[in-house]
Amino acid sequence: MGDKDTVKVLGFWVSPFVHRVLWALKIKGVDYEYIEEDIFNKSSTLKELNPVHQKVPVLVHGQKVLAESMVILEYIDETWKHCPLMPQDPYERALARFWAKSVEEKLPEVSGATWWRGKEKERGLKQDIEILEKLEEQLQGKSNLFFGGESIGYLDIVLAWISYMLPVWEEVGSVKILDTCKFPALTSWTGRLLELPLIRDNLPPQDRMLEYFHNRRQEILSNPPRT
Ligand SMILES: N[C@@H](CCC(=O)N[C@@H](CS)C(=O)NCC(=O)O)C(=O)O
């Protein structure tokens with residue numbers, strides 16, 4: 001699929017994982033072709049390109065194929081070296097990976113907790129708040145505008161869903177997780193992210209997200225998690 005230098009991204013319009021890849025390519029100024037995938041009726045191309053997970057995003061760079069958004073981000077950063085996304089210092093780089101992985105492991109709880117009911121909801125919300133408290137500590141007392149420093153980097157891109165998707169989940173689930181008083185540094189960070197044209201102008205439409213997640217919530221509630 002593709003000539004030596006062509007870049008293609010298989011995506012799904014609302015996927016926060018896909019948006020990471022699109023933003024990284026835009027930061028690097030790499031032209032790409034975007035191919036919308038129906039994740040509820042997967043194409044044979046997706047199954048062939050990502051046989052292990054059959055998920056988007058998939059990046060196709062010439063003959064090279066990669067899946068998993070955080071892996072793709074590192075590939076993009078190492079392939080197009082200008083405007084680095086990763087910290088240059090090895091320890092800072094390791095820390096960025098640590099936080100990205102740690103928050104990623106909680107992602108299902110964050111989305112699920114906003115939609116569940118009763119004890120599951122309480123437990124999930126408690127876990128969400130704990131991980132956000134840890135992130136808040138990371139930002140507090142630093143003069144950095146972003147996790148990446150003066151401009152956005154790898155960790156900002158990985159965590160950006162907190163700025164635009166978490167509020168949608170909160171609205172759909174009628175909960176508040178990112179409380180401004182409790183998380184002043186994180187709240188300011190989300191505000192700064194959303195002011196960036198790169199992010200602001202390349203988000204899924206708010207009304208479509210709300211409708212999509214309302215429907216997802218109905219599906220999840222009719223099939224609740226087991227305790
Ligand atoms: N860990 C993966 C997650 C990707 C993912 O879950 N993608 C969703 C779309 S948001 C998907 O393709 N889902 C299809 C499925 O679960 O079968 C990444 O970071 O790329």
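Visitor: In this predicted model, which residue forms a salt bridge with Lys176?

Guide: A salt bridge requires a side-chain nitrogen of Lys or Arg within 4 Å of a carboxyl oxygen of Asp or Glu, and for Lys176 the closest N and O atoms of the pair are 3.3 Å apart. The two partners differ in their surroundings, because Lys176 is exposed at a relative accessible area of 53%, whereas its partner counts as buried at 5%. The residue that forms the salt bridge with Lys176 is Glu170.

Visitor: How many salt bridges does a search of the whole structure find?

Guide: Side chains of opposite charge can pair when their charged atoms come close. The pair of Lys176 and Glu170 is a salt bridge, and so is the pair of Glu74 and Arg97, with its closest N and O atoms 2.8 Å apart. When the whole structure is searched, the number of salt bridges found is ten.

Visitor: How many residues apart in sequence are the parts that Glu74 and Arg97 tie together?

Guide: Glu74, which is buried with a relative accessible area of 18%, forms a salt bridge with Arg97, which is partly exposed at 34%. Glu74 belongs to helix α3 (residues 69-79) and Arg97 to helix α4 (residues 90-115), so the pair ties together parts whose separation in sequence is 23 residues.

Visitor: Lys126 forms a salt bridge with Glu130, so about how much of a helix separates the two?

Guide: The closest N and O atoms of Lys126 and Glu130 are 3.2 Å apart, and Lys126 counts as exposed at 54% relative accessibility, while Glu130 counts as partly exposed at 33%. An α-helix has 3.6 residues a turn, so residues three or four places apart point the same way. Lys126 and Glu130 are four residues apart in helix α5 (residues 118-139), so what separates them is about one helical turn.

Visitor: Is helix α1 largely enclosed by the rest of the structure or largely open, and how many of its 13 residues are buried?

Guide: Helix α1 covers residues 16-28 and reaches 19 Å from its first C-alpha to its last, which is close to the expected 18 Å. A residue is called buried when its relative accessible area is under 20%, and the residues of α1 that meet this include Val18, Leu22, Trp23 and Leu25. Helix α1 is therefore largely enclosed by the rest of the structure, and the number of its buried residues is ten.

Visitor: Which residue caps the N-terminal end of α1?

Guide: The cap is seen in a side-chain oxygen that lies 3.2 Å from the backbone nitrogen of Phe17. Just after the helix, Gly29 takes a positive phi of about 70 degrees. The residue whose side-chain oxygen caps the N-terminal end of α1 is Ser15.

Visitor: Which residue in the loop between β4 and α3 has a positive phi although it is not a glycine?

Guide: The phi in question is about 80 degrees, and the loop follows strand β4 (64-67) and leads to α3. Another residue that has a positive phi without being a glycine is Ser174, at about 50 degrees, which lies in the loop between α8 (166-173) and α9 and counts as exposed at 66% relative accessibility. The residue between β4 and α3 is partly exposed, with a relative accessible area of 39%, and its name is Glu68.

Visitor: Is the peptide bond from Val56 to Pro57 cis or trans?

Guide: Pro57 has its place in the loop between α2 (44-49) and β3 (58-61). The omega of the bond from Val56 to Pro57 is near 5 degrees, and the bond is cis.

Visitor: What radius of gyration does the protein have, beside the value for a compact globule?

Guide: The protein contains eleven helices and four strands, and its C-alpha atoms fill a box of roughly 50 × 45 × 30 Å along the principal axes. Of its 227 residues, 48% count as buried, and among contacts with a separation of 6 or more, 71% are between residues 24 or more positions apart. A compact globule with 227 residues would have a radius of gyration near 17 Å, which agrees with the protein's value of 18 Å.

Terms used. Residues numbered from 1 in each chain as written. Heavy atoms only, no water. Expected span 1.5 Å × (residues − 1). Buried < 20%, exposed > 50% of the residue type's maximum accessible area, 1.4 Å probe, protein only. Polar contact = N/O pair within 3.5 Å; in protein donor to acceptor, adjacent residues only side chain to side chain. Rg over C-alpha atoms; globule rule 2.2 N^0.38 Å. Contact = heavy atoms within 4.5 Å.
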